[in-house]
Amino acid sequence: MTQAITSADTSRNNLLMVVAGGIISGILTPLLPALIDNIVGLSGQLRISLIAVPFAVLVLILVRRFSANPRWAAGLAAIITMIAFVCAVNAAIFIEGQTAGAATVMRYLLAGLTGGLVGTAVMALGIALLPAGPRNAAAWWPMLITGTLAGTLLALDNALGLDRTSLLYPVWQAAVALRLVMVLRS
């Protein structure tokens, strides 16, 4: 009985650490563009992918710790995460541009939903294809729904005029990281 209680506490502590890691990576993410511009001076897709490094590092750690994947697969999961971030940003920008006649809140709401879905879907598909990735599509649905709904915070960030801080990134990254761990542990 004591071992079961200890195991539940350890599991809860692990999940709290995952959420904390997601919040920290989400706080760092909007701060990176200015740093990358000052240090490297890159532009385009490579610059966008470098902004995803904090979350990619978190995903690397989570895939390594909570799955039976080899080390190289955890590194590949981090690269997939960076690609997913680029896809999500581009999808959100595309949708925001396509809805130019709509109200600002609606544009950013749709852009956030799209970016959240695309980013989560690319991550889920890429990580599912890893050697020890869950192949059951139903296992990924909670992560996809969570990532999509958390993407709506883009509209709140825009309404509040947040630039170097964000509500979207800490919440999205913490929620998706938590769902990822739950998928990997299933």
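The following questions and answers walk through a predicted model, from its largest pocket to its nonpolar cores and some single residues.

Residues are numbered from 1 along each chain as its sequence is written, and side-chain values use heavy atoms, with hydrogens and water left out. Because the model is predicted, local features need pLDDT of at least 70 and side-chain atom pairs count only at pLDDT 80 or more, while totals for chains, interfaces and linings use all residues.

Reader: What volume does the largest pocket have?
Author: On a 1 Å grid over the protein atoms alone, a pocket is an open set of points where a 1.4 Å probe fits, with protein on both sides within 12 Å along at least five of seven lines. Grid points are joined across faces, edges and corners, and a volume is the space filled by probe spheres set on the points. By this reckoning the largest pocket has a volume of about 900 Å³.

Reader: Which residues that line the largest pocket are the closest to its centre?
Author: A lining residue has an atom within 4 Å of a point of the pocket, and 36 residues line the largest one. Of these, the closest to the centre are Phe 85, Val 89, Leu 154, Leu 168 and Tyr 169.

Reader: Which helix gives the most to the lining of the largest pocket?
Author: Helices here are DSSP runs (H or I, at least four residues), numbered from the N terminus. At least two lining residues come from each of H2 (32-39), H3 (45-51), H5 (71-98), H6 (104-128), H8 (153-160) and H9 (168-185). With eight residues, the one that gives the most is H5.

Reader: How many nonpolar residues does the lining of the largest pocket have?
Author: Ala, Val, Leu, Ile, Met, Phe, Trp, Tyr, Cys and Pro count as nonpolar, Asp, Glu, Lys and Arg as charged, and the others, Gly among them, as polar. Sorted in this way, the lining has eleven polar and five charged residues, and the number of nonpolar ones is 20.

Reader: Is Ser 166 buried or exposed?
Author: Ser 166 lies in the loop between H8 and H9. Buried means under 20% relative accessible area, exposed over 50%, and partly exposed in between, with a 1.4 Å probe and protein chains only. Because its relative accessible area is 12%, Ser 166 is buried.

Reader: Which side chain does a polar contact of 2.6 Å join to that of Ser 166?
Author: A polar contact is a pair of N or O atoms within 3.5 Å; within protein, one must be able to donate a hydrogen and the other to accept it, and residues adjacent in sequence count only if both atoms are side-chain atoms. A polar atom of the Ser 166 side chain lies 3.0 Å from the backbone nitrogen of Leu 168. The 2.6 Å contact between side chains, however, joins Ser 166 to Asp 157.

Reader: Which backbone nitrogen does the side chain of Asp 157 reach at 2.9 Å?
Author: Asp 157 is found in helix H8, and at a relative accessible area of 6% this residue is buried. Leaving out residues up to four places away in sequence, Asp 157 touches Leu 162, Ser 166, Leu 167 and Leu 168, where contact means heavy atoms within 4.5 Å. The backbone nitrogen reached at 2.9 Å is that of Leu 167.

Reader: Which helix gives the most to the largest nonpolar core?
Author: A nonpolar core is a set of buried Ala, Val, Leu, Ile, Met, Phe, Trp, Tyr and Cys residues joined through side-chain atoms within 4.5 Å. Of the 29 residues in the largest one, Phe 55, Val 59, Val 63, Met 123, Ile 127, Trp 140 and Leu 180 touch the most other members. Helices H4 (53-66), H5, H6, H7 (137-150) and H9 each supply at least two residues of this core. The one that gives the most, with eight residues, is H9.

Reader: How far apart in space are Leu 184 and Leu 62, C-alpha to C-alpha?
Author: Leu 184 lies in helix H9 and counts as buried, at 10% relative accessibility. Among the residues that Leu 184 touches, not counting those up to four places away in sequence, are Leu 62, Val 63 and Ile 127. Although Leu 184 and Leu 62 are 122 residues apart in sequence, their separation in space is 8.7 Å.

Reader: Which backbone oxygen does the side chain of Thr 148 reach at 2.7 Å?
Author: Thr 148 has its place in helix H7, and with a relative accessible area of 15% this residue is buried. Setting aside residues up to four places away in sequence, Thr 148 touches Gly 112, Leu 113, Gly 116, Leu 117 and Thr 120. The backbone oxygen reached at 2.7 Å belongs to Leu 144.
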